[in-house]
Amino acid sequence: MNWKKNEEITIVIDDLGNNGEGIGHADGYTLFVKGALPGEKVRVRMMKQKKYYGYARLQQILTPSPDRQTPLCPVASACGGCSLQHLSYNKQLAYKEKKVRDCLERIGGLDLSEVEWLPVLGMEDPWHYRNKAQFPVRKDKSGSPVTGFFAGHSHHLIPVDACRIQHPAINEVVSHILGFMRDFHIPAYEEEQHKGLVRHIYVRRGHHTGQIMVCLVVNGPSLPYVEELTARLREIAGMTSICMNINKKRTNVILGPQMRPLWGPLYIEDTIGDIRFRISPQSFYQVNPVQTARLYETALSFADLKGDETVWDLYCGIGTISLLFARELERRGQDGSSLPVGKVCGVEIVPEAIENAKENARSNGITNADFYCGAAETVVPELVSQRKERVDVVVLDPPRKGCDAILLDTVVQMAPEKIVYVSCDPATLARDVKVLGEKGYEVRKVRVCDMFPQGGNTECCVKLCRIG
C-alpha cells in the first residue's frame, strides 16, 4: 500500500502487539498504533511504511473499547515506561497470558492442551510497586534540572514529577536531589555535547526493611557540596546508602566502572521469606518485591523438592532463588538447628553479585549453597565435569535474550529430571523450550506472573521434565 505520510485513514483495531500497541489492518496491510485497543474504531495518521507493515499515530477514538480507562499518570501516553495504563487491569492480565500462550504455541510449537496452565498471578494494588528507579537527569528549557523517562525508541526526555509505579519514597528522594542541584547550581548532563555533571539518579528501596540506596551517576571525578547532599538525603526515613558512580564515557550504559561511597555502606538489605539479602548497586534484584515472592514460590513448587537433591541455579544473581532452594533442602535437628541434606550451586557473571550471594549465604547461616563467578555457558561445563555428581534440578532465570545455545546443550548433558525456567521474555522462552523439547524435555506446567503492571512486559515460570 502507498499512503502518503500524514494521510489520515479509519481502521478497526484487532489485537495488541508485543509492546501493548494496537494492531489494525487497512486493505490487508498491518498497522501498529500506540494507545489503541482491540475492538476500537480509530482515526489514524500514517507515519512510516514498510513492505508488510507500517506505523500510524492515533488521532481520534471513534468507538472506544469498554476496557479503556483513564491513565492515572498525566504523561502515560508520551512516556515510554507504561504502555498499558489505558487498559483495565483485568484485561492487562489477559493480554499477558495470551502473549505467553501465543509464543509457546507459535514459536515453541507446543500443544498447550497437554500442559497444566495455572491461574495468572496479578496484583491487588498494581501501583507504586517498583523498588528501583533509574532517572535520567537533563535540563528543561529554562536550564533547570529535571528528571523523567525517555519516550519510546528515543532520547527525548519526558519530565515526570512523581512516577505512579514507583514507591513514594523513591519520588521523595528524586525531589530532594533536584532541589539540591538547583540550590547549588549543579549542572545536569547534556548528552549531545557530553557536558554537565549529573547523568542519572539511581534509587533502590528494600520492601520489607525500608532501607534506601541512592546513587548519583556523574560525568566527572567528583561531586561538589557532598556534605550538604548527604545531610539532606539523611533526613529521609530509611536512608542507608549514598554513593556516587563515575561514568565519563559517551554511552547508553547507565553505570560506569567506578563506585564510591559518600555515606553509609555500598549496599542495602531486604528479605524474601525468612532470608535476608544484601543488594549492591550493580546487583540484579527484581523490581517488584510482592510479585517476586510469589514468582519464586511458584519456582519452588515447580521444583517439588524432596530434600536430598542437587540443584544448579545458572543465572543466580545475588542468590535469591539459590538460597530459597537451599533453605528448602535443609532439615531441622532436634535442637532446631539446620542440617543441610541437598545442595545448590549458583553461577553468575557479575562479580559483585557473586560476592553478595556468598555474603547472603554466610549471614543467613546457609551452608549448602556454593557460588561460582563466570558466564554460565563457560563455567558450568567445566564445573560439572570436575564435580562428577548427579544433577536433579536446573533453574534457569536468564536475561531477556534467553539462554546461550552452548548452555542449553550443557543442561541437556547434565540430564536433570526437572528444569524450572523463569523467563522475562516469552519469545526467547519459547525458543529455548523448543530446543529443550527436541532434546528430551517436555513442558508440564506454566504460570504467568505480572511483574510489571501498567507495562507490556511479563514474567512467567515453566516446569519441564525429562522424558523417559
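**Group meeting: rings, a pocket and some cysteines**

Okay, let's start with the aromatics: there are seven aromatic pairs in this structure. Keep in mind that what you have on the screen is a predicted model.

Take the pair of Phe 32 and Tyr 53. The two rings meet edge-to-face, with 5.9 Å from centre to centre and 85° between their planes. What does that pair tie together? Phe 32 belongs to strand β3, residues 29–33, and Tyr 53 to strand β5, residues 53–63, so the contact links parts that are 21 residues apart in sequence. Phe 32 is at 19% relative accessibility, and since the cut-off for buried is under 20%, Phe 32 counts as buried. Tyr 53, at 29%, counts as partly exposed.

Tyr 53 has another partner, Tyr 55. That pair is edge-to-face too, at 5.9 Å centre to centre and with 85° between the planes. Tyr 55 is partly exposed, with a relative accessible area of 35%. Put those rings together and you get one aromatic cluster, made of Phe 32, Tyr 53 and Tyr 55.

While we're on rings, look at a couple of arginines. Arg 101 lies over the face of Trp 117, 4.1 Å from the ring centre. Then there's Arg 199, whose charged end sits over the ring of Tyr 189 at 4.4 Å from the centre.

Now, on to the second largest pocket. It holds about 390 Å³ of space. Which elements give two or more residues to its lining? Those are β1, residues 8–16, and α1, residues 89–106. The largest share comes from α1, which puts in eight residues. In total, 18 residues line this pocket, and the ones nearest its centre are Asp 15, Leu 16, Gly 17, Tyr 95 and Lys 98. As for chemistry, the lining splits into eight nonpolar, seven charged and three polar residues.

Next up, cysteines, for anyone wondering about reducing agent. How many disulfides does the structure hold? Zero. Let me walk through a couple of the cysteines. For Cys 460, the closest cysteine sulfur is in Cys 461, and the sulfurs are 7.6 Å apart, so that's too far for a bond; the cut-off for a disulfide is within 2.5 Å. Cys 460 is also buried, with a relative accessible area of 1%. For Cys 465, the closest cysteine sulfur is again in Cys 461, but at 12 Å, so no bond there either. Cys 465 is buried as well, at 9% relative accessible area.

Last thing: a bit of backbone. Most residues other than glycine have a negative phi. With that in mind, check out His 185, where phi is near 55°, a positive value in a residue other than glycine. His 194 also has a positive phi, near 55°. Where do they sit? His 185 is in the loop between α2, residues 168–183, and β10, residues 198–205, and His 194 is in the loop between α2 and β10 as well. Are these histidines buried or exposed? His 185 counts as exposed, at 70% relative accessibility, whereas His 194 counts as buried, at 18%.

So that's the tour. If you want to click through it yourselves, go to Phe 32, Tyr 53 and Tyr 55 for the aromatic cluster, and then to Arg 101 over the face of Trp 117. Happy to take questions.

Methods: Residues are numbered from 1 along each chain as its sequence is written. This is a predicted model: local features need pLDDT of at least 70, side-chain atom pairs count only at pLDDT 80 or more; totals for chains, interfaces and linings use all residues. Side-chain values use heavy atoms; hydrogens and water are left out. On a 1 Å grid over the protein atoms alone, a cavity is a set of points where a 1.4 Å probe fits but cannot get out, and a pocket is an open set with protein on both sides within 12 Å along at least five of seven lines; lining residues have an atom within 4 Å of a point. Grid points are joined across faces, edges and corners, and a volume is the space filled by probe spheres set on the points. Helices (H or I, at least four residues) and strands (E, at least two) are DSSP runs, numbered from the N terminus. Ala, Val, Leu, Ile, Met, Phe, Trp, Tyr, Cys and Pro count as nonpolar, Asp, Glu, Lys and Arg as charged, and the others, Gly among them, as polar. Rings of Phe, Tyr and Trp (its six-membered ring) pair if their centres lie within 6.5 Å; planes under 30 degrees apart count as stacked, over 60 as edge-to-face and the rest as tilted. Buried means under 20% relative accessible area, exposed over 50%, partly exposed in between (1.4 Å probe, protein chains only). A charge sits over a ring if NZ of Lys or CZ of Arg is within 6 Å of the ring centre and within 35 degrees of the ring normal.
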